[in-house]
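Visitor: I am new to this structure and would like to look closely at a single part of it. Please take me through that part slowly, and then show me how the rest can be read in a similar way.

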Amino acid sequence: MRLRNGTVATALIFFTSFLSLSWYTAWQNGKEKLIAYQREFHALKERLRVAEQRTLHRSSELNHILEQFRRAIAETNSSKDALTNFSDETQKLLKELTRRKPLQVPNIYHHLPHLLNNEGSLQPAVQVGLGRTGVTMVMGIPTVKRKVKSYLSETLRSLIDKLSPEEKLDCVIIVFVGETDLDYVHSVVAGLEKEFSTELNSGLLEVISPPTAYYPDLTNLKETFGDSKERVRWRTKQNLDYSFLMMYAVSKGVYYVQLEDDIVAKPNYFATMKNFALQLSSEDWMILEFSQLGFIGKMFQAPDLNLIVEFIFMFYKEKPIDWLLDHVLWVKVCNPEKDAKHCERQKSSLRVRFRPSLFQHVGLHSSLAGKIQKLTDKDFLKPLLHKMHVNPPAEVSTSMKVYQGHTLEKTYLGEDFFWAITPSSGDYILFKFDRPVSIERFLFRSGNQEHPGDKIENTTVEILPSSESGLQTKEKYKRTEDRFYRIGHFEKGVAEGAVDPAFNPVVALRLSVLKDSAVWAILSEIHIKRLSG
C-alpha cells in the first residue's frame with residue numbers, strides 16, 4: 001500500500017511538474033511573440049510616417065513642376081498660334097494658371113546654378129544594382145581613390161558577413177564612388193562584381209558615381225579656419241559627395257546610416273541599430289550615433305535627409321559636414337538667449353548616442369592626400385556598464401562627491417554611469433527640467449556588472465508639480481517642506497513606478513538619501529519616460 005501511495009505521489013509530482021513546465025513554455029513563447037508583434041507594430045508605424053512625409057515631398061515636387069509649366073505658358077502667351085493646338089478646356093486651364101502670381105520659391109539651383117547647364121547633372125554617371133526600395137535600412141558608403149591603400153573590400157565584407165539572411169533582404173548598401181574618372185569607376189565596379197556578385201545580383205549592394213557636371217568649380221574656394229587650399233577643396237567636395245549619396249538614398253528606406261569605407265562592424269550591428277531606433281520611435285530624434293568618430297555610424301530618418309541636404313547645399317563651401325550637422329541642431333532647438341549648457345541639453349534630445357560603439361575605424365591613410373589619421377573608437381570594445389535612454393532636457397545636480405569623472409550629466413545623457421563616494425543622509429540628486437514635462441514612468445537602477453555591490457538604498461524618489469491647485473493626492477503621498485511629493489523608493493538597488501497623472505506636468509524630480517550609506521553608489525540607468533503625445 002505504501003509502495004502504491006508512493007507511486008501515485010511520484011506520478012502526481014511528475015504530472016504537476018510537466019504541466020508547470022508546459023505552462024511556463026507556453027507563457028514564454030507568448031511573451032516572445034508579444035515582443036515580436038510590438039516591434040513589428042512600431043516598424044509599421046514608422047513606415048507609415050515615412051510614407052506620409054514622402055507624399056508631402058511628392059506634392060512639393062508637383063507644385064514645382066506646375067510652376068515651370070506656368071513659366072512656359074507665360075512665355076508663349078503673347079503668341080496666339082502657340083495655343084491653337086490645345087482644346088478649349090486646356091486653353092481655359094492654361095489661362096487660369098497664368099493669372100496666378102506665386103512667389104519664387106528657392107530650390108537647389110539657387111545654390112548650385114551650374115546644374116542648369118547640363119540635364120544629366122543630377123543623374124548618376126554609373127549605376128549598378130537592382131535599385132532595391134522599401135527596406136528598413138539604407139547604408140551609404142562614400143569612397144574615393146586613395147594613393148596608398150583602399151579599405152573598401154574589407155569594409156563591405158565586414159558589413160555583409162554580419163548580416164543574417166533575413167537582414168540581407170531588409171537593407172541595401174550603396175557604395176558611392178566619388179570620382180569622375182570613368183575608367184577608375186569602372187575598375188572599382190569590376191572589382192566589386194568579382195568579389196560581391198551575389199550581393200549585387202540580389203539587390204543588397206549597389207554602386208553609383210556622380211557625373212562631372214554635378215561638381216561646381218572648386219579651384220577658387222575661400223580659405224577659412226586656417227585650412228589649406230587643398231583641405232578646403234577636399235572638405236567642400238566631401239559635402240557634395242554626402243549630399244548626392246543622401247539624395248539617391250532618400251526614397252529607398254525608413255532609416256539612412258552614414259558609414260565610411262574604412263571601418264569594421266560588430267556582430268548583430270543591424271538588429272541593434274534597428275531595435276534601438278524602434279525603441280525611440282516616439283521620441284523626436286534627428287541623429288542616432290553608433291560611433292563617436294566623425295561621420296561614422298550616424299543614423300537619420302529618411303524624411304529628414306531632404307532638410308539636411310538643403311542645409312548642406314546652402315553652406316557646403318563654408319564648413320565641414322560635422323560642423324554643419326551641429327548647426328542644423330542648433331537652429332532647431334537652441335535659444336540664443338540661453339547659455340551654451342542649455343543649448344547642449346536641448347541638442348542632446350535630437351542627437352542620441354548609443355554605447356558601446358558598433359563600428360571601429362581601421363583606416364590609417366586618409367582620403368586627403370598625405371594625411372595620416374590614427375583614429376580609433378575607444379568605446380568599441382568596452383563592456384556595457386550602463387544603459388541609456390532619451391530623457392527630457394534637464395539641468396542635473398548632486399550634493400554627492402563624484403568619483404573619477406563619472407558625472408551625473410554623462411549618466412543622464414546615456415554616456416556613462418554615475419559613481420559617488422558613500423552617500424550621506426541629506427544627499428540628493430536633482431533633475432530640474434528645462435520646461436515642465438508630463439511623466440508616465442520612472443526607472444533608476446544602481447550598481448553594474450563590475451561593481452554589483454555599489455547599490456543605492458534608503459533613498460526616495462520625489463517630484464515637484466508645476467502647480468498644486470486641485471491636487472487631490474496629499475493624503476496618499478508624503479509632502480516635503482519644499483513642496484516635493486515622495487512617489488517611490490529604492491528596493492534592492494532599483495526604484496521604478498508610474499507617476500500619478502494628477503501631478504503632471506512636473507518641474508523637477510529628486511532622489512533624496514535618508515540614511516548614511518556604507519558603500520559607494522553607482523547609478524547605471526536613468527529613464528524618465530514622458531507621456532506619449
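Visitor: Not counting residues up to four places away in sequence, which residues does Cys 334 touch?

Guide: Before turning to that residue, please keep in mind that this is a predicted model, and that the chain has 533 residues, of which 45% are buried. The chain holds 13 helices and 20 strands, and among its contacts between residues at least 6 apart in sequence, 77% join residues at least 24 apart.

Cys 334 touches Leu 329, Cys 343 and Lys 347, once residues up to four places away in sequence are set aside. Its place is in the loop between α11 and α12. With a relative accessible area of 10%, Cys 334 falls under the 20% cut-off and is therefore buried. Another way to locate Cys 334 is through Gln 346, which is 12 residues away along the chain, while the C-alpha atoms of the two are separated by 6.5 Å.

One of the residues touched by Cys 334 is Leu 329, and this leads to helix α11, where Leu 329 is buried together with Ile 321, Leu 324, Leu 325 and Val 328. Seen down the axis of α11, these buried residues fall within an arc of 145°, so they line one face of the helix. The length of α11 can be checked as well: its 13 residues, 321-333, should span 18 Å at 1.5 Å a residue, and the C-alpha atoms at its ends are 19 Å apart, which agrees. What the buried residues of α11 pack against is a set of helices and strands, namely α8 (229-249), β7 (287-289), β8 (298-301), α10 (304-315), α12 (340-348) and β9.

From that set, α10 deserves a closer look. Two packed helices are described by the angle between their axes and the distance between the axes. For α10 and α11 the angle is about 115° and the axes are 10 Å apart, and the crossing of α10 and α11 is right-handed. On the α10 side the contact is made by Leu 307, Ile 308, Phe 311, Ile 312 and Phe 315, and on the α11 side by Ile 321, Leu 324, Leu 325, His 327, Val 328, Val 331 and Lys 332. Sorted by class, the contact of α10 with α11 has 10 nonpolar residues, 1 polar and 1 charged.

A second pair of helices can be described in these terms. The axes of α4 (residues 152-161) and α6 (residues 182-195) come within 11 Å and cross at roughly 35°, and the crossing of α4 and α6 is right-handed. Here Leu 152, Ser 153, Leu 156 and Arg 157 of α4 meet Val 188, Leu 192 and Glu 195 of α6. By class, the contact of α4 with α6 has 4 nonpolar, 1 polar and 2 charged residues.

The strand β9, which is among the elements that the buried residues of α11 pack against, leads on to a detail of the backbone. In the loop between β9 (351-353) and β10 (359-361) lies Pro 356, and the peptide bond that joins Arg 355 to Pro 356 is cis, with omega about -5°. A cis peptide bond also runs from Asn 504 to Pro 505, where omega is near -5°. Pro 505 sits in the loop between β18 (494-498) and β19 (506-513), and a relative accessible area of 31% makes Pro 505 partly exposed. Leaving aside neighbours within four places in sequence, Pro 505 is in contact with Pro 436, Val 437, Ser 438, Pro 465 and Ser 466. Of these partners, Pro 465 is 40 residues from Pro 505 along the chain, and their C-alpha atoms are separated by 6.1 Å.

Two further loop residues have a backbone feature to look for. Thr 422, in the loop between β13 (418-421) and β14 (428-437), has a phi near 20°, a positive value in a residue other than glycine. Arg 483, in the loop between β16 (459-465) and β17 (485-489), has a positive phi near 75°, and Arg 483 too is a residue other than glycine. Thr 422 counts as partly exposed at 31% relative accessibility, and Arg 483 is likewise partly exposed at 31%.

How values were computed
Residues numbered from 1 in each chain as written. Predicted model: local features only at pLDDT ≥ 70, side-chain atom pairs only at ≥ 80, totals over all residues. Heavy atoms only, no water. Helix = DSSP H or I, 4+ residues; strand = E, 2+ residues; numbered from the N terminus. Buried < 20%, exposed > 50% of the residue type's maximum accessible area, 1.4 Å probe, protein only. Expected span 1.5 Å × (residues − 1). Arc of directions from axis to C-beta. Contact = heavy atoms within 4.5 Å. Axes fitted to C-alpha atoms, helices over the stretch in contact; angles between N-to-C directions. Left-handed = near helix turned anticlockwise from the far one by under 90°. Nonpolar A, V, L, I, M, F, W, Y, C, P; charged D, E, K, R; others polar.
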